[in-house]
Amino acid sequence: MKKVLMVAAKANMIQQFNMRNLAILTNLGAEVHVAADFENFGTVDDQTNCQLIMDLTEMGIVLHQINFDRGLGRLMVNYQVMTQLRRLIGENQYDLIHVHSPIGAALTRLASWGTGCPVIYTAHGFHFFRGGPLKNWLVFPIEWFLAWLTQHLLVINHTDEAVSRFLPVQRVTYLPSIGAPVQRSLAVLPVTRLSIRKRMRACLDLTSDDFAII
């Protein structure tokens, strides 16, 4: 049985983006562990966080409380978090680590250094991008170094995909994220657009004069 660790700084990242990923892993027969801060859990409420813990437990997932700091974190707190993660990785001998969120991904990759465990990083949007503020690019040297500790980088937009070409990561995969294919939608012929409009309004029981906000 493969043993997989998923790490995010705050529990909301697990709840909002990774429940399906975790279900896939468990259905494949993997022993799945999740490490995050379930006490200062981010942008969800108490009830949602409690439900998340219950759902993960029912799925048979092993939970680990990691005391991540807010934002980029304070130096001493980050060191303590790395110590927690290093101990966790050493004790469990994971076959794969999947990291999310900038600080969670950074500290986990540093903690995994020298363990031989492959790391996948899903970047939910780099701070730096072409045409972006110069101060945002101060993060680039850090990400460039951490790329040496990353076996597979997943990016969710073409801007990050373009920047990733300058990172020394072994493998990069682009996964389309949320959003609408604007150019493809604009290319639809007016007669086709009118037909779609009528069909969708009929499905929603709306007249041609009803005002709809999407």
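Contact here means heavy atoms within 4.5 Å, and angles run from 0 to 180 degrees between N-to-C directions. The exercises below use a predicted model.

**Exercise 1. Determine which strands helix H2 lies across, and at what angle the helix runs to E2.**

Step 1. Helix H2 covers residues 19–27.
Step 2. The helix lies across E1 and E2, and its direction makes about 155 degrees with E2.
Step 3. These two strands, E1 (residues 3–10) and E2 (residues 31–37), run parallel and are joined by six bridges. Within the pair, Val 4 stands opposite Val 32 of E2.

**Exercise 2. Give the strand order of the sheet and find which strands stand at its edges.**

Step 1. The open sheet has seven strands, ordered E3-E2-E1-E4-E5-E6-E7, with parallel pairing.
Step 2. Strand E3 (62–65) and strand E7 (172–174) each have a single partner strand, so one side of each lacks a neighbour in the sheet. These two are the edge strands.
Step 3. From one strand to the next, the twist averages 20 degrees.

**Exercise 3. Describe the largest nonpolar core and state which element gives the most to it.**

Step 1. The core has 31 residues; among those with the most contacts inside it are Leu 5, Val 7, Phe 68 and Leu 85.
Step 2. Elements that give two or more residues include E1, helix H4 (75–92), helix H5 (102–111) and strand E5 (119–123).
Step 3. H4 gives the most, with five residues.
Step 4. Leaving aside residues up to four places away in sequence, Leu 85 touches Val 7, Ile 66, Phe 68, Leu 107, Thr 108 and Ala 111.
Step 5. A second core, separate from this one, has 18 residues, including Ile 14, Leu 22, Ala 36 and Ile 61.

**Exercise 4. Classify the residues of three salt bridges as buried or exposed.**

Step 1. The whole structure holds four salt bridges. The cut-offs for the classes are under 20% relative accessible area for buried and over 50% for exposed.
Step 2. Lys 10 and Asp 37 form one bridge, with the closest N and O atoms 3.4 Å apart. The pair links strand E1 to strand E2, 27 residues apart. Lys 10, at 17%, is buried, and Asp 37, at 2%, is buried.
Step 3. Asp 69 and Arg 74 meet at 2.6 Å, N to O. Asp 69 is buried at 14%, whereas Arg 74 is exposed at 55%.
Step 4. Arg 109 and Glu 143 meet at 3.0 Å, N to O. Because Arg 109 lies in helix H5 and Glu 143 in helix H6, the pair ties together parts 34 residues apart in sequence. Both Arg 109 and Glu 143 are buried.

Methods
Residues are numbered from 1 along each chain as its sequence is written. This is a predicted model: local features need pLDDT of at least 70, side-chain atom pairs count only at pLDDT 80 or more; totals for chains, interfaces and linings use all residues. Side-chain values use heavy atoms; hydrogens and water are left out. Two strands pair if DSSP finds at least two bridges between them. Helices (H or I, at least four residues) and strands (E, at least two) are DSSP runs, numbered from the N terminus. A nonpolar core is a set of buried Ala, Val, Leu, Ile, Met, Phe, Trp, Tyr and Cys residues joined through side-chain atoms within 4.5 Å. Buried means under 20% relative accessible area, exposed over 50%, partly exposed in between (1.4 Å probe, protein chains only). A salt bridge is a side-chain nitrogen of Lys or Arg within 4 Å of a carboxyl oxygen of Asp or Glu.
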